[in-house]
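I opened this model to look up a few points and kept notes as I went. The entries follow in the order I made them.

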Amino acid sequence: MLTDTYKLQGKRKQLVQELKNLGITSQKVLSAIEQVPRHFFFPEDFIDKAYDNIAFPIEEGQTISQPYTVAAQTQLLDIQKGDKVLEIGTGSGYQAAILKVLGADVYSIETIETLHLNAKALFKKLGLSIATILGDGSKGLPELAPFDKIILTAAAPKLVESLTKQLKIGGKLVAPVGNLDVQKMILVERHGDNEYNKTSHGKFNFVPLTGTHGWPL
Ligand code: SAM
């Protein structure tokens with residue numbers, strides 16, 4: 001359903017309050033969550049669940065990330081207007097839309113064709129200018145690198161240098177890294193050619209990253 005209603009707007013406001021209570025402090029991120037109708041990216045038959053703070057199944061056995069997770073990853077990235085951002089795992093397209101509303105220049109790569117095509121068509125309908133790419137994002141997107149920010153929205157077994165090398169100096173990458181049950185949210189900040197700072201920001205649970213640097217299917 002691509003119409004917004006007072007009721008759904010009200011639910012979005014409540015969700016924003018819930019995210020604040022859970023420790024999200026970035027006003028910019030909270031305001032993007034309030035602006036972007038998550039139900040546009042949600043399975044149509046379950047729209048009443050679109051503003052619950054839960055991940056939810058979409059097609060092809062994948063998920064739309066939990067709003068708290070989207071907010072936490074976006075806050076860590078500290079998006080500035082004009083940032084060139086690579087998202088790995090387009091999925092429903094919701095996270096990409098949040099990045100776009102924050103003023104980023106978004107490149108989003110997805111490995112499952114149906115999801116890639118659905119998101120591409122939805123962005124077009126919504127007038128969101130987001131570059132969508134079908135391919136294996138575990139290798140990043142070397143032909144369009146370097147990026148100011150990189151976000152992985154699927155669980156990576158490890159952080160590979162071929163990805164962190166695609167960051168500009170001063171850039172940030174955020175990725176859930178761990179096993180298939182639980183991952184740590186890792187923030188990598190690139191300070192120099194071979195100078196990276198890594199910090200850990202809580203535990204999460206994502207669907208697996210597949211492909212060359214992901215988990216075997
Ligand atoms: N960002 C999404 C959203 O806002 O709905 C949530 C993404 S879902 C948790 C993870 C996505 O990563 C799935 O759509 C999955 O197909 C995709 N994925 C997994 N491995 C990938 C890879 N190697 N390259 C690109 N996408 C990948």
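Which residues is Asp-193 in contact with, leaving aside its neighbours within four places in sequence? I looked this up before anything else and found Lys-165 and Ile-169. I note here that the model is a predicted one.

**Entry: Asp-193.** I placed Asp-193 in the loop between β8 and β9 (195-204). Its relative accessibility is 57%, and because the cut-off for exposed is over 50%, Asp-193 counts as exposed. I also checked its distance to Leu-209: the two are 16 residues apart in sequence, and their C-alpha atoms are 26 Å apart in space.

**Entry: the chain as a whole.** I counted six helices and nine strands in the chain. The radius of gyration is 16 Å, close to the 17 Å that the globule rule gives for 217 residues, so the chain is as compact as a globular protein of that length. Along the principal axes, the C-alpha trace spans about 50 × 35 × 35 Å. I found 49% of the 217 residues buried. Of the contacts with a separation of 6 or more, 55% come from residues 24 or more positions apart. The exposed area of the chain is about 10200 Å², and carbon and sulfur atoms supply 52% of it.

**Entry: the nonpolar cores.** Which residues have the most contacts inside the largest nonpolar core? I listed Ile-33, Phe-41, Tyr-94, Ile-98 and Leu-99, in a core of 47 residues. The elements that give two or more residues to this core are α1, α2, α3, α4 (94-101), α5 (113-126) and β8 (183-192). I then looked at Tyr-94 by itself. Not counting residues up to four places away in sequence, Tyr-94 touches Ile-33, Val-36, Arg-38, Phe-41, Ile-64 and Val-70. I noted a second, separate core of 19 residues, with Ile-109, Ala-154, Leu-163 and Val-188 among them.

**Entry: helix α4.** Six of the eight residues of α4 are buried, which leaves the helix mostly covered. I recorded the buried ones as Tyr-94, Gln-95, Ala-96, Ala-97, Ile-98 and Leu-99. Just after α4 comes Gly-103, with a positive phi of about 100 degrees.

**Entry: helix α1.** I checked the length of α1 (residues 6-21) against its residue count. At 1.5 Å a residue, its 16 residues should span 22 Å, and the end C-alpha atoms are 23 Å apart, which agrees. Which residues of α1 are buried? They are Leu-8, Arg-12, Leu-15, Val-16 and Leu-19. These cover an arc of only 100 degrees around the axis, which puts them on the same side of α1. In an α-helix there are 3.6 residues a turn, so residues three or four places apart point the same way. The cover over the buried residues of α1 includes α2 (27-35) and α3 (67-77). On the face turned away from the buried side I found the exposed residues Tyr-6, Lys-7, Lys-13, Gln-14 and Asn-21. Gly-23 follows α1, and its phi is positive, near 105 degrees.

**Entry: Val-177.** Val-177 lies in strand β7 (residues 167-178). Is Val-177 buried or exposed? Its relative accessible area is 17%, and because buried means under 20%, I entered Val-177 as buried. Leaving aside neighbours within four places in sequence, Val-177 is in contact with Ala-156, Pro-157, Lys-158, Leu-159, Gln-183, Lys-184 and Ile-186. Val-177 and Lys-165 are 12 residues apart in sequence, and 17 Å apart in space from C-alpha to C-alpha.

**Entry: backbone exceptions.** Most residues other than glycine have a negative phi, and most peptide bonds are trans. I therefore wrote down the departures from this. Glu-60 has a positive phi near 60 degrees. Glu-60 sits in the loop between β1 (56-57) and β2 (63-64), and it is partly exposed, at 43% relative accessible area. Asp-78 has a positive phi near 50 degrees. I found Asp-78 in the loop between α3 and β3 (84-88), partly exposed at 38% relative accessibility. Where is the cis peptide bond? It joins Ala-145 and Pro-146, with omega about 10 degrees. Pro-146 belongs to the loop between β5 (131-134) and β6 (147-152).

Key. Residues are numbered from 1 along each chain as its sequence is written. This is a predicted model: local features need pLDDT of at least 70, side-chain atom pairs count only at pLDDT 80 or more; totals for chains, interfaces and linings use all residues. Side-chain values use heavy atoms; hydrogens and water are left out. Helices (H or I, at least four residues) and strands (E, at least two) are DSSP runs, numbered from the N terminus. The expected span of a helix is 1.5 Å times one less than its number of residues. Buried means under 20% relative accessible area, exposed over 50%, partly exposed in between (1.4 Å probe, protein chains only). The arc is that of the directions from the helix axis to the C-beta atoms. Contact means heavy atoms within 4.5 Å. The radius of gyration is taken over C-alpha atoms; the globule rule is 2.2 Å times the number of residues to the power 0.38. Accessible areas come from the Shrake-Rupley method with a 1.4 Å probe; for residues, only the protein chains shown count as cover. A nonpolar core is a set of buried Ala, Val, Leu, Ile, Met, Phe, Trp, Tyr and Cys residues joined through side-chain atoms within 4.5 Å.
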